[in-house]
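Thanks for making time this morning. I would like to talk through the cysteines, and I will take them pair by pair.

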Amino acid sequence: MTADHRESVDDNRRRWLIATSVAGGIAGVATLVPFVDSFAPSERAKAAGAPVNADISNLRSGEMMTVAWRGMPVFLVNRTDRMLADVVTADPMVADPATRHPFSMPLPNYCRNEYRSRSDHRNLLVVVGVCTHLGCTPGARFQEGPQSSLPDNWPGGFLCPCHGSTYDLAGRVFRNKPAPQNLDVPRFIFTSPTSVSIGRDEQGEA
């Protein structure tokens, strides 16, 4: 084989290798784009985190309603004056009365008070109904006094059916219970006297 022929073969081989590499790179990019797109949240997932509106026009004094937000139950309790007094009674019994150690979300500044509610609507409690122990849903036990699975001095609140954790009528966990922290208070805002938007406030969406 002559030197000129050998050089021509080497040039052809180089061109083939370059073309193959470029084609492979393009194919790699073509397969990568759909794969990366699969990590983008779906519209359904985005909607799951969107704020939800709760109509409280039929929520009578002393009653509770539940709405779903981000796949979690959110309790809205229209507390009576007696129930607000029960919150004060529970102060020395709860583990973290001022919620200095929140669970999974910071306590909104406007709820940094004894009742963990907005000062202009202090009767309305808004809490995520997920026990901070293992994620069960506590049940309402608003009646005061001795009853099954509760102490004789029970001031009213919530009882988790899974392992017996108890919370007062502000969603604060009682001392010496499996649950380590208070129920979360989500960001919320009144959009009218009878409507509450959960998952957003004056600062925007949560």
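**The cysteines and their pairing**

If we call a disulfide a pair of cysteine sulfur atoms within 2.5 Å, the count comes to one disulfide. Before going further, I should say that this is a predicted model, in which local features need pLDDT of at least 70 and side-chain atom pairs count only at pLDDT 80 or more, while totals for chains, interfaces and linings use all residues. Residues are numbered from 1 along each chain as its sequence is written, and side-chain values use heavy atoms, with hydrogens and water left out.

The disulfide joins Cys 136 and Cys 162, whose sulfur atoms are 2.0 Å apart. Cys 136 sits in the loop between strand E4 (124-128) and strand E5 (139-141), and Cys 162 in the loop between strand E6 (157-159) and strand E7 (166-168), so the bond ties together parts that are 26 residues apart in sequence; strands here are DSSP runs (E, at least two residues), numbered from the N terminus. The torsion about the S-S bond of Cys 136 and Cys 162 is about -100 degrees, which means that the disulfide is left-handed.

For accessibility, buried means under 20% relative accessible area, exposed over 50%, and partly exposed in between, with a 1.4 Å probe and protein chains only. Cys 136 is buried at 18%, whereas Cys 162 is partly exposed at 37%.

What, then, is the closest cysteine sulfur to that of Cys 131? It belongs to Cys 160, at 3.8 Å, which is too far for a bond. Cys 131 is buried, at 3% relative accessible area, and Cys 160 is likewise buried, at 3%.

Terms used
Helix = DSSP H or I, 4+ residues; strand = E, 2+ residues; numbered from the N terminus.
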